[in-house]
Amino acid sequence: KNGRYPGLNMSRSFGDFLGHTDAGIISIPEVSVHELVPDDAMVVLCSDGVWEFMTPDEAGQILNEFPREKCMDAAERLAKSSWDRWIQEECGEVVDDITAVIAHLPDPVRIVTCHLPE
């Protein structure tokens, strides 16, 4: 109405400072840190639509079915499995945004320490 506002009010919106000021959404992401160990094989970045009805262990079981060169297929299967769970849990009435990005780490993992500013 009479201004430039987000059309959809989300709880987070990367870099959307106007939305923060005018609509109350926050642009600061939730961040967790995991120190890499030599056994780590991949980085999995997903939207909350994936994690709503799936645990990290369940996601890992799906992803481990695919060889490294099929990481796109693995991400698609993870997204499809998440979609199916939303349909089942919400009786087909609603599905959240679902995004899955898979990045395989070099073998062996070269550990580099990096600290985020506080």
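The following legends accompany close-up views of a predicted model of one protein chain.

**View 1. Overall arrangement of the protein chain.** The protein chain contains four helices and two strands. Read from the N terminus, these elements follow the order α-β-α-α-α-β. Of the 118 residues in the protein chain, 19% are buried. Among contacts between residues at least 6 apart in sequence, those joining residues at least 24 apart account for 55%. The protein chain has an accessible surface of about 9300 Å², and carbon and sulfur atoms contribute 53% of that area.

**View 2. The two faces of helix 3.** Helix 3 spans residues 56-63, and its residues Ala-59, Ile-62 and Leu-63 are buried. These three lie on the same side of helix 3, because they cover an arc of only 95° around the axis. On the face turned away from this buried side are the exposed residues Asp-57 and Gln-61. The cover over the buried residues of helix 3 includes two strands, strand 1 (42-46) and strand 2 (100-104). Helix 2 (48-51) and helix 4 (71-89) are also included in that cover.

**View 3. The largest nonpolar core.** In soluble globular proteins, nonpolar side chains tend to be buried together. The largest nonpolar core of this model has 11 residues. Among them are Ala-59, Ile-62 and Leu-63, the buried residues of helix 3. The other members are Val-50, Met-54, Phe-66, Ala-74, Ala-75, Leu-78, Ala-100 and Ile-102. At least two residues of this core come from each of helix 3, helix 4 and strand 2.

**View 4. Surroundings of Ile-102.** Ile-102 belongs to the largest nonpolar core. Leaving aside residues up to four places away in sequence, Ile-102 touches Met-42, Val-43 and Val-44, as well as Leu-63, Cys-71, Ala-75 and Leu-78. Of these partners, Leu-63, Ala-75 and Leu-78 are also listed in the largest nonpolar core.

**View 5. A nonpolar patch on the surface.** Val-43, Leu-45 and Val-101 together make a nonpolar surface patch of about 240 Å². Val-43 is located in strand 1. Its relative accessible area is 32%, so Val-43 is partly exposed. Val-43 is also among the residues that Ile-102 touches.

**View 6. Ser-82 and Asp-96.** Ser-82 is part of helix 4, whereas Asp-96 is situated in the loop between helix 4 and strand 2. The two residues are 14 residues apart in sequence, and their C-alpha atoms are 9.5 Å apart in space. Ser-82 counts as buried because its relative accessibility is 2%. Asp-96, at 26% relative accessibility, counts as partly exposed. When residues up to four places away in sequence are not counted, Ser-82 touches Gly-49, Val-50, Met-54 and Ile-98. On the same basis, Asp-96 touches Asp-48, Gly-49 and Trp-86. Gly-49 is thus a contact of Ser-82 and of Asp-96.

**View 7. Backbone at Cys-91.** Cys-91 is placed in the loop between helix 4 and strand 2. The phi angle of Cys-91 is near 55°, a positive value in a residue other than glycine. With a relative accessibility of 65%, Cys-91 counts as exposed.

**View 8. The salt bridge between Arg-85 and Glu-58.** The model has four salt bridges. One of them joins Arg-85 and Glu-58, whose closest N and O atoms are 3.0 Å apart. Arg-85 is in helix 4 and Glu-58 is in helix 3, so this pair ties together parts that are 27 residues apart in sequence. Arg-85 counts as partly exposed at 25% relative accessibility, and Glu-58 counts as partly exposed at 28%.

**View 9. The salt bridge between Glu-65 and Arg-77.** Glu-65 and Arg-77 form a salt bridge through their side chains, with an N to O distance of 2.9 Å. Because Glu-65 lies in the loop between helix 3 and helix 4 while Arg-77 lies in helix 4, the pair ties together parts that are 12 residues apart in sequence. Glu-65 is exposed, at 53% relative accessibility, whereas Arg-77 is partly exposed, at 37%.

**View 10. The salt bridge between Asp-73 and Lys-70.** The closest N and O atoms of the salt bridge formed by Asp-73 with Lys-70 are 4.0 Å apart. Asp-73 is partly exposed, with a relative accessible area of 34%. Lys-70 is partly exposed as well, with a relative accessible area of 39%.

Notes:
Residues numbered from 1 in each chain as written. Predicted model: local features only at pLDDT ≥ 70, side-chain atom pairs only at ≥ 80, totals over all residues. Heavy atoms only, no water. Buried < 20%, exposed > 50% of the residue type's maximum accessible area, 1.4 Å probe, protein only. Arc of directions from axis to C-beta. Contact = heavy atoms within 4.5 Å. Areas by Shrake-Rupley, 256 points an atom, 1.4 Å probe, with all protein chains shown as cover. Patch = residues over 30% accessible without salt bridge, like charges linked within 9 Å, V, L, I, M, F, W, Y side chains within 5 Å. Core = buried A, V, L, I, M, F, W, Y, C linked by side-chain atoms within 4.5 Å.
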